[in-house]
Amino acid sequence: MTKTAPEKMAETDVIDLLVAQHGVIRDLFDEVEQAPAGQRGEAFTRLVRMLAVHETAEEEIVHPYARGKIDGGDGVVEDRLAEENQAKQLLSLMDEAGPDAPDFMENLLMLRGAVEAHARAEERYEFNKLIAQTTEAERRSMAAGVKAAEAMAPTHPHPGTESATKNVLMGTPMAMMDRVRDVIRRTMGKNP
């Protein structure tokens with residue numbers, strides 16, 4: 001029997017999914033960097049949204065699982081959360097200032113360095129251990145959880161919400177506010 005597209009998607013390994021998203025994030029950084037100054041807004045909006053959604057899903061699904069499943073999980077996750085918080089703070093400032101801010105490109109390069117270092121650390125210290133200490137079924141289940149979390153995640157960074165509990169309690173209201181703000185900005189002809 002041939003599986004339908006949604007069934008195939010449900011069988012995605014969470015590590016493959018997240019590593020692929022890291023690649024998309026790198027591509028989005030390239031797009032923002034290469035866009036002419038007056039046209040960076042749309043690419044930057046996509047980057048902000050991808051980073052916000054991606055990190056929220058990791059914080060809600062992957063990090064809590066890693067804490068309990070991998071050796072030294074608390075330390076590994078705390079290091080990743082500290083990196084995420086630092087990047088979220090810079091991204092939040094950039095999101096508020098917009099792509100026309102005089103220090104935008106300088107901040108973008110700093111953000112890119114921080115995000116790429118964070119992704120490498122996740123892949124090396126968290127993802128490799130998860131692969132070694134989980135089953136394929138567990139990783140497929142986490143992938144489904146990540147996809148569900150992404151569907152409800154805020155579309156803008158919210159520093160200080162780097163835990164599953166805070167994301168669950170505050171994530172849905174923040175996501176609704178973010179989405180309303182995005183619609184208002186689009187209606188007024190501004191990039192979300």
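**Exercise 1.** Which residues of α6 are buried?

*Solution.* The model is predicted: local features need pLDDT of at least 70, side-chain atom pairs count only at pLDDT 80 or more, and totals for chains, interfaces and linings use all residues. Residues are numbered from 1 along each chain as its sequence is written, and side-chain values use heavy atoms, without hydrogens and water.

Take buried as under 20% relative accessible area, exposed as over 50%, and partly exposed as in between (1.4 Å probe, protein chains only). Helices are DSSP runs (H or I, at least four residues), numbered from the N terminus. The buried residues of α6 are then E138, R139, M142, A143, V146, A149 and E150.

Next, view α6 down its axis, using the directions from the axis to the C-beta atoms. The buried residues fall within an arc of 140 degrees, so they line one face of the helix. S141 and A151, on the other side of α6, are exposed.

**Exercise 2.** Identify the residues with the most contacts inside the largest nonpolar core, and the helices that supply this core.

*Solution.* A nonpolar core is a set of buried Ala, Val, Leu, Ile, Met, Phe, Trp, Tyr and Cys residues joined through side-chain atoms within 4.5 Å. The largest has 19 residues, and F29, F44, L47, L51 and L111 have the most contacts inside it. Helices α2 (14-34), α3 (40-69), α4 (73-97) and α5 (104-133) each supply at least two of its residues; α3 gives the most, with six.
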